[in-house]
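Student: I would like to learn how to read the features of a model such as this one, taking each feature in turn. Could we look at it together?

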Amino acid sequence: MSLFAVIYRYADDAAALDEHRPRHRDHLRGLLEAGRLVVSGPLAEGGGPGALLIFRADSAEQVAGWLDDDPFKVLGLIVEREIRAWNPAFGADRLAPHHGVGGAVRLALVGVIGPPDRQPAWHRRARWRRR
């Protein structure tokens, strides 16, 4: 599987975006829980309303299929959608899938403390493992 970056540009209709955002987020949450969506969130100031989403998939067409049912897309609130293969040069290990309980916590700790081979000795000795 490969990583894909998606850039959404939203319509300039704050009222409609606010009204339908809960359904949009429910759709994305389902993709996250299914292991398809890796990370997503709104883009910061500048360039108008939009979002960046990172997916794990076999093809850009597969990602497009998952996103065609997004309520924002169905309602015409996404005015531009770009899907591109993404090959991270640094930090790709931080995006590795983690299975089982505590995966999200481990992903967060990797970002704070570093990958296992670079963690300080005190952290490696700590009892972070599942019992």
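**Reading salt bridges, a helix and a buried charge**

Tutor: Let us begin with Asp68, which is partly exposed, with a relative accessible area of 36%; please keep in mind throughout that this is a predicted model.

Student: Which residue forms a salt bridge with Asp68?

Tutor: The partner is Arg81, and the closest N and O atoms of the two are 3.0 Å apart. Because Arg81 lies in strand β4 (residues 78-86) and Asp68 in the loop between α2 and α3, the pair ties together parts that are 13 residues apart in sequence. Arg81, at 25% relative accessibility, counts as partly exposed.

Student: How many salt bridges does the structure hold, and how should one within a helix be read?

Tutor: The structure holds four. As a general idea, an α-helix has 3.6 residues a turn, so residues three or four places apart point the same way. Here Arg29 forms a salt bridge with Asp26, with 2.8 Å between the closest N and O atoms, and the two are separated by about one helical turn because they are three residues apart in helix α1. Arg29 has a relative accessible area of 41% and Asp26 one of 47%, so both count as partly exposed.

Student: What does the end-to-end span of helix α1 tell us?

Tutor: The 20 residues of α1 (residues 14-33) should span 28 Å at 1.5 Å a residue, and the end C-alpha atoms are 27 Å apart, which agrees. The span should be read alongside the local geometry, for a kink of about 50° lies at Arg21, shortly before the proline Pro22. Just after α1, Gly35 takes a positive phi of about 85°.

Student: Which residues of α1 are buried, and what covers them?

Tutor: Ala16, Leu17, His20, His24, His27, Leu28 and Leu31 are buried in α1, and what covers the buried residues includes β1 (2-10), β2 (37-42), β3 (50-57), α2 (60-67) and α3 (71-74).

Student: How should I read a charged residue that is buried, such as Asp70?

Tutor: One looks for a partner of opposite charge, and then for other polar atoms. Asp70, placed in the loop between α2 and α3, is buried yet has no salt bridge, the nearest side chain of opposite charge being that of Arg81, 7.4 Å away. A polar atom of the Asp70 side chain does, however, lie 2.9 Å from the backbone nitrogen of Phe72. Leaving aside neighbours within four places in sequence, Asp70 is in contact with Tyr8, His24, His27, Leu28 and Ile78; among these, His24, His27 and Leu28 are buried residues of α1.

How values were computed: Residues numbered from 1 in each chain as written. Predicted model: local features only at pLDDT ≥ 70, side-chain atom pairs only at ≥ 80, totals over all residues. Heavy atoms only, no water. Helix = DSSP H or I, 4+ residues; strand = E, 2+ residues; numbered from the N terminus. Expected span 1.5 Å × (residues − 1). Bend = angle between axes of the 7 residues up to and from the residue. Buried < 20%, exposed > 50% of the residue type's maximum accessible area, 1.4 Å probe, protein only. Contact = heavy atoms within 4.5 Å. Lys, Arg positive; Asp, Glu negative; His and termini not counted. Polar contact = N/O pair within 3.5 Å; in protein donor to acceptor, adjacent residues only side chain to side chain.
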